[in-house]
Every structure is written in C-alpha cells, then in structure tokens.
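Reader: I have a structure open and would like to go through parts of it. Can we take it piece by piece?

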Amino acid sequence: SAYQQVKGELENIVIVTDPGIFKNAFSCAIPGTEEAGIAMAALLGVVCGNPSLELEIFKDLTAAQIGEARRLRDKDLVEIQVQKDIPELYVNAAVKTDTGTGRTVIWKKHTNIIRIEADDRLIFEKEKETAVNRTTTFDLSTYTVGQIKEFIDRVPLPDIEFVLSAVRINKKLCREGTGGAGMKAGFGLERLVRAKKIADDLVSYAQRLTGFAMDARMGGISRPALCICGSGAHGIIATMPLAAAAERMILEDDRLARAIALSYLVTIYIKDHSGRLSAFCGCAVAAGIGASAGLVYLLGGGLSQIENAINNMAANITGLICDGGNYGCSLKAINGAGTAVLSALLALDGIAIPGDEGIVGRTVEETMKNIGLIASPGMVETNSTIIDIMMGKDRSGR
C-alpha cells in the first residue's frame, strides 16, 4: 500500500515493527516461493502487491516477480527496525522511490491500516480509539470454564458446526505435509512409526497429524489454515489432536464439533490474558491447553476432568519460548499436541496436579490468568533477549 502511493524505481524501504511481528516474520516462509523473511516479503509487496487482496496478497505470484524481488534484495534496500516498547501489533512501512516516499501504518490487526501518507501528505487516517472494531459483545475472560462448558453442552449444533471446516481445511495441509514439506517433522515421525521405533498410539497419531499440517504451514505451502486468535498455527494445534482422536476412535461429528468449539474458547480465554503475541509459544501453550480441554470433552469427561487437564498442561508446558515463525514451530506443535493428549488422558484417569501449587491456582480460571502473567510481565525481558539474538543474526531482517 505504501508503494502504491508513489510507485517508481525503488530506492529503499524502512520498516519499523513491534517485537511480535518481527519475531514471527523473521524466518517465516513466504507461500508460493522458496523464500522467507521480512525483507523478501516487503520487496514482493513492491513488485506485485495488490492491497485489496489483504492476507492473500501473494496468491498469484509469478516466477518473474519472485526473480525481480530477488534482484532487489541483492541491492540491500530494506532496513528493519524493532520498537521494543510497543506491546501491540504495529508495522510502519516507508517506501522511497525516485518519485517520492509512501508510508503506511498498520496497528493492532494484520489488515488494519490506520494511516497512509505520500510525501508527508496525509492520504488516509483512522483514530486509534475507533480503528479496531470489536467482533464480540462480551468479555470471555469474565466467564468460568464451567459456564463455557455449559454453553458447549447446550448450543445448537448448527451454530457451531462451522468449526468442522477447520478439520477439512487442515487435513488438506496434512496431505501436503505427508510428502515432506517444511522441516519434515511429521514425515520423520511417520517413518519412526513404520520402523517401529515409536508407537502408533493416539499420542503419536495426534502428533503426526499436527506435525504434517505445521510442516506444510511453515514450509510455505499455498493452502489456507483456519485461524484462531489471528494465527493459523493456533488453529492447527487447537484442532488436529481432536481430529486425530475422533478418527481413531470413530466418534461422531456432533461430539467433535462441540469439543473443537470448547478447545477454541479455552484457547481464546488464555490468549485474552497472555496477549496476541507473547514471549512464550502461544501455539503450544494456549492452543495446546485448549486442545487438551477439548479432548477431555470429546472422550466423555466432565467439568472437573477438563479443569484437571488444563492444570496438568499449565504445570507442564507453560514457558516454552516463541522465537518466531520458523521450522521449529513444527517441533513445538508436536510437543504441544502430545502433551495435550497425555494431559487429557491422565485427567480422565483421575491423575491431576493439586490446586494452588506453583502457577496452578485455586481455581482453573486463576490458573489461566497466571499463565497470562507468565507471558506479561513475566517474560518481557526474555522476549527482549530473544529479539536481540535474532537481530544479531542479520541486520537485513532475513
């Protein structure tokens, strides 16, 4: 959008981001290419960008456009800066060409442009207070897990049946991953099963389905993933362990839809407290906890067992760091999926960490709020150190 204001021959791009966007884009594969990272994404935006496509901006990339972006990258025209004191999603992109300078500012949501300039002349602006429209009329974090489960029990199936589309969408990603996309972590687990080096049990199957989908996602395969909290990876982890259990145990779609809906709501609850982007891996932690709660429901457990699964997960997996979107996300996803299944099965068997131990609270709601506190303010300095390490790798942003 910034380039569209001035066009012409590119001279340089300066991008200022919040820490979360920097981390997640630093090594992230670009769909439809064999490229990755912030600089290449910015250059592709200049070469072929159509702002009206929003998050599908790269869906019609050609080999010639990718080649042109590579040529521009060799000129070292992109500078990436991180503003560590910004707690919310933020991108300020200034594009200088031989005809002028265009600037676009994105705030709080990936497609939410709040300011457009051309040569310091204001073209468009939103007030920050009204720039993001709330899509809900209630605060989920004020509810108890019991109230959320009661909603899941009673909601008419047609109102939540749409969540089953996540299974269909993510299984298409899985099929891509079976061929060895991305890191090939799911592919590697499959080979270990066939070699009888690891078991072909429910834990392993949930890990493989999750790993296949994440490999494809992080490997830049041009297929969508259903998002939760603005993240396709969250959607994969909050969905695929449940899909694996339903498939292996031949469970009905009615039960699966309600279990997935519970998984999503628990994930959103935790993300409300930890923030959209945090120092710990929200995919494995928040979505993993959601998946574990959903698995208990799927397998016939009651409220106390759902709460125990959440506490088991909190005591186990909280603190796993986020070092951005990269191939390692597949390993974290596999970890989260496996731990989710184990925590759920243990809870169903009556095995649970007692309340009020460590970060586990007196209530499960307190536990989830404590998880949020671990992210912020607890891991703020950790996040800063992770970013310093990543910035030290390459000042060009790749």
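Author: Yes. The model is a predicted one. Start with helix α1, where the buried residues are P19, G20, I21, F22, K23 and F26.

Reader: How many of the residues of α1 is that, and where does the helix run?

Author: Helix α1 covers residues 19-26, and 6 of its 8 residues are buried.

Reader: What covers them?

Author: The cover includes strands β1 (10-17), β2 (78-82) and β3 (90-97), along with helices α2 (38-48) and α15 (380-391).

Reader: And which residue caps the N-terminal end of α1?

Author: D18 does, with a side-chain oxygen 2.8 Å from the backbone nitrogen of G20.

Reader: Changing topic: how many salt bridges does the count come to?

Author: The count comes to 20. One of them joins the side chains of D388 and K84, at 2.4 Å from N to O. That pair links distant parts of the chain: D388 is in helix α15, K84 is in the loop between β2 and β3, and 304 residues separate them.

Reader: What about E68 and R71, where do they lie?

Author: Both are in helix α3 (residues 63-73), 3 residues apart, which is about one turn of the helix. Their side chains meet in a salt bridge of 2.5 Å, N to O.

Reader: Is K332 buried or exposed?

Author: K332 is buried, because its relative accessible area is 13% and the cut-off for buried is under 20%. The side chain of K332 meets that of D323 in a salt bridge of 2.9 Å, N to O. D323 is partly exposed, at 29%.

Reader: Which residues are linked in a network of salt bridges?

Author: E190, R194, D200, R208 and R248 are.

Reader: Now D215. Which side chain of opposite charge is nearest?

Author: K184, but it is 8.4 Å away, and D215 is buried with no salt bridge. The limit for a salt bridge is 4 Å, nitrogen to carboxyl oxygen.

Reader: So what does D215 have around it?

Author: D215 lies in helix α8 (residues 202-218). A polar atom of its side chain is 2.8 Å from the backbone nitrogen of G186. Leaving out residues up to four places away in sequence, D215 touches A181, G182, M183, K184, A185, G186, F187 and S330.

Reader: Last one: how much space lies in the second largest pocket, and which helix gives the most to its lining?

Author: About 230 Å³ of space lies there. Helix α10 (residues 253-274) gives the most to the lining, with 4 residues. The lining residues include F151, I160, L226, C227 and Y264.

Methods:
Residues numbered from 1 in each chain as written. Predicted model: local features only at pLDDT ≥ 70, side-chain atom pairs only at ≥ 80, totals over all residues. Heavy atoms only, no water. Helix = DSSP H or I, 4+ residues; strand = E, 2+ residues; numbered from the N terminus. Buried < 20%, exposed > 50% of the residue type's maximum accessible area, 1.4 Å probe, protein only. Lys, Arg positive; Asp, Glu negative; His and termini not counted. Polar contact = N/O pair within 3.5 Å; in protein donor to acceptor, adjacent residues only side chain to side chain. Contact = heavy atoms within 4.5 Å. 1 Å grid on protein atoms, 1.4 Å probe; cavity = no way out; pocket = protein on both sides within 12 Å on 5 of 7 lines; lining within 4 Å. Points joined across faces, edges and corners; volume = space filled by probe spheres on them.
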